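Visitor: Hi! I've just opened this one and would love a quick tour. Can we start with the charged side chains?

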Amino acid sequence: GGINAEYGVTNTEGRTATFDAVVFTIPAPQLLEMDMDIAAVEREMISGVTFTPRFTLMLVFEETPPFDWTVRYHDDSIARCLVWDNVKRQKGSEPTLLVHCQARYAVTNLDIKTKEEAGEELWAAVRQLYPDLPTPIKVVPHFWRYGQVYRPYPGSPGCIELQDRVLAGGDSFMETSNLQSCARGAEILEERIREIFGV
């Protein structure tokens, strides 16, 4: 019994492998860049999925600064969310503060600022919000083209089947874009895969 392997997949380095099924959890707009057949109706619905970009900044400190919070949200014009990542994940010994910018700031500066320029502005905003924060030992700016889902796939089904046993899921197919939705999206994909393979 079992399903015969049918899908040949080639990675960017030219290596090919064959699979019984293929599951994509990439941002929906990137599905349209894949070399595969997608029905016109499906293509149109996928093309409606939009994301807000994000500039982020990772600040690593030598010692843990004296703060009694793990996550803070601000209405600052630049900095939106600050997270002590090592505390949130409960791993890593280096105190690491992740700073996410406001969505409006990212959209406004999308093609104007480099990640380094945005990182400098994020660091300046953090210093204004927390003037007692020590100087970090490492500062790493980052840019996410697909930061957070703004407009999800119509109907938010959790996952879709692009072809027989070719699935797409993740934030793009959920009503909201947060940790709980990510976990539920993974469960929906698992359920669909179990249905396909009868396990």
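Guide: Happy to. This is a predicted model, and it holds 10 salt bridges.

Visitor: Nice. Which residue does Glu 13 form a salt bridge with?

Guide: Its partner is Arg 15, and the closest N and O atoms lie 2.8 Å apart.

Visitor: Are those two buried or exposed?

Guide: Glu 13 is exposed, because its relative accessibility is 59%, and the cut-off for exposed is over 50%. Arg 15 also counts as exposed, at 55%.

Visitor: And what does Glu 121 meet in a salt bridge?

Guide: The side chain of Lys 113, with an N to O distance of 3.3 Å. Glu 121 is partly exposed at 27% relative accessibility, and Lys 113 is partly exposed too, with a relative accessible area of 21%.

Visitor: Which residues are linked in a network of salt bridges?

Guide: That would be Glu 6, Asp 164 and Arg 165. Within this group, the side chains of Asp 164 and Arg 165 meet at 3.5 Å, N to O.

Visitor: Is Arg 165 buried or exposed?

Guide: Arg 165 is buried, because its relative accessible area is 4% and buried means under 20%. Asp 164, on the other hand, is partly exposed at 49%.

Visitor: Switching topic: how are the strands of the open sheet ordered?

Guide: There are 5 strands in the order E5-E6-E7-E4-E8, and their pairing is antiparallel. Strand E5 (71-73) and strand E8 (138-151) are the edge strands, each pairing on one side only. From one strand to the next, the twist averages 20°.

Visitor: How many bridges join E4 to E7?

Guide: There are 5 bridges between strand E4 (residues 50-60) and strand E7 (residues 96-101). As an example, Thr 56 has His 100 in E7 as its bridge partner.

Visitor: Which strands does H5 touch?

Guide: H5 packs on the sheet and touches E4, strand E6 (79-84), E7 and E8. The direction of H5 makes about 65° with that of E4.

Visitor: Last thing: where is confidence lowest, and where is it highest?

Guide: Confidence is lowest in helix H3 (residues 85-89), where the mean pLDDT is 67. The highest value belongs to helix H5 (residues 115-129), at 96. For the chain, the mean pLDDT is 89, and 94% of residues reach 70 or more.

Visitor: Great, thanks for the tour!

Definitions and conventions: Residues are numbered from 1 along each chain as its sequence is written. This is a predicted model: local features need pLDDT of at least 70, side-chain atom pairs count only at pLDDT 80 or more; totals for chains, interfaces and linings use all residues. Side-chain values use heavy atoms; hydrogens and water are left out. A salt bridge is a side-chain nitrogen of Lys or Arg within 4 Å of a carboxyl oxygen of Asp or Glu. Buried means under 20% relative accessible area, exposed over 50%, partly exposed in between (1.4 Å probe, protein chains only). pLDDT is the predictor's confidence in each residue, from 0 to 100. Helices (H or I, at least four residues) and strands (E, at least two) are DSSP runs, numbered from the N terminus. Two strands pair if DSSP finds at least two bridges between them. Axes are lines fitted to C-alpha atoms, for helices over the stretch in contact, and angles run from 0 to 180 degrees between N-to-C directions. Contact means heavy atoms within 4.5 Å.
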